[in-house]
Amino acid sequence: MTSAVAAATAAAAAAAQALSSSLSAIPKATPIPTTPGDYLAQLRAQQAEAHKQQLDTQLQKRKMIWASKKNSIGTGGTSSAVYQTVPVDGGVSDGAKFRRLMGMGTSSDSKTSETSNPAPAGANIREQYEKVQHDLDDQYEKSRTFTHTSRGIGLGFNSGFGPG
C-alpha cells in the first residue's frame, strides 16, 4: 500500500508541476480595476500604447517611402528631364521656383538662358496697374449707384401709392 501511496503522491506532484509550468507560460492579465479611477487610468494606458504603436508604424512607412524617393530625385533621372522642357509663364523667378519645388535644383544651362531674357518693361507693369485701378473704380461706382438707387425697393416697402 505504501508503494501505491508513493505512486499517487509522485503523480500528484508531477501534475502540480505541469500545472504550475503551464500557468507561468500564460501571460499575466492586468488586474481588474476596482474603482472608476483605476478603470480610466488602465483605459488611458491601453489607448496610449495603441496610439504609440500606430505612430511607430506610420513613421516606419514614411521612412520607407522617403528613402526610396531620395535615390531618384535630384540625380537628373527621367523625372527631371520631363520637366526641363515645361514652359513656365511668369519669367525667370517662376521657372527657377518651379524647378526647385519639383526637386530638380538649378542647372548651369538654365541659369544662362534665364539671364539672357530681361524682365518685362516698367511701362507694361504701369499699364496693368492703371487698368486694375480703373476697373476697381468702375466697380465701386456701379455698387454705389445700385445701393443708393435701390433703397425702398423690395418686400416690405410701400410703393407710395394709396393709403398706408
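This dialogue looks at the salt bridges of a predicted model.

Q: What counts as a salt bridge, and how many salt bridges are there by this rule?

A: The general idea is a side-chain nitrogen of Lys or Arg within 4 Å of a carboxyl oxygen of Asp or Glu. By this rule the count for the predicted model comes to 4 salt bridges.

Q: Which residue forms a salt bridge with Asp 56, and where do the two lie?

A: The partner of Asp 56 is Lys 52, and the closest N and O atoms of this pair are 3.8 Å apart, so the pair falls within the 4 Å cut-off. Both residues belong to helix H2, which covers residues 36-72, and they are 4 residues apart, about one turn of the helix.

Q: Are Asp 56 and Lys 52 buried, exposed or partly exposed?

A: Because partly exposed covers the range between 20% and 50% relative accessible area, Asp 56 counts as partly exposed at 35%, and Lys 52 is likewise partly exposed, at 49%.

Q: Which side chains meet in salt bridges in helix H6?

A: Among them are Lys 131 and Asp 135, with an N to O distance of 3.4 Å; these two are 4 residues apart in helix H6 (residues 122-149), a separation of about one helical turn. Arg 144 and Glu 141 also meet in a salt bridge, at 3.2 Å from N to O, and they stand 3 residues apart in helix H6, again about one helical turn.

Q: How exposed are Lys 131 and Asp 135?

A: Lys 131 has a relative accessible area of 54% and is exposed, whereas Asp 135, with 31%, is partly exposed.

Methods. Residues are numbered from 1 along each chain as its sequence is written. This is a predicted model: local features need pLDDT of at least 70, side-chain atom pairs count only at pLDDT 80 or more; totals for chains, interfaces and linings use all residues. Side-chain values use heavy atoms; hydrogens and water are left out. Buried means under 20% relative accessible area, exposed over 50%, partly exposed in between (1.4 Å probe, protein chains only).
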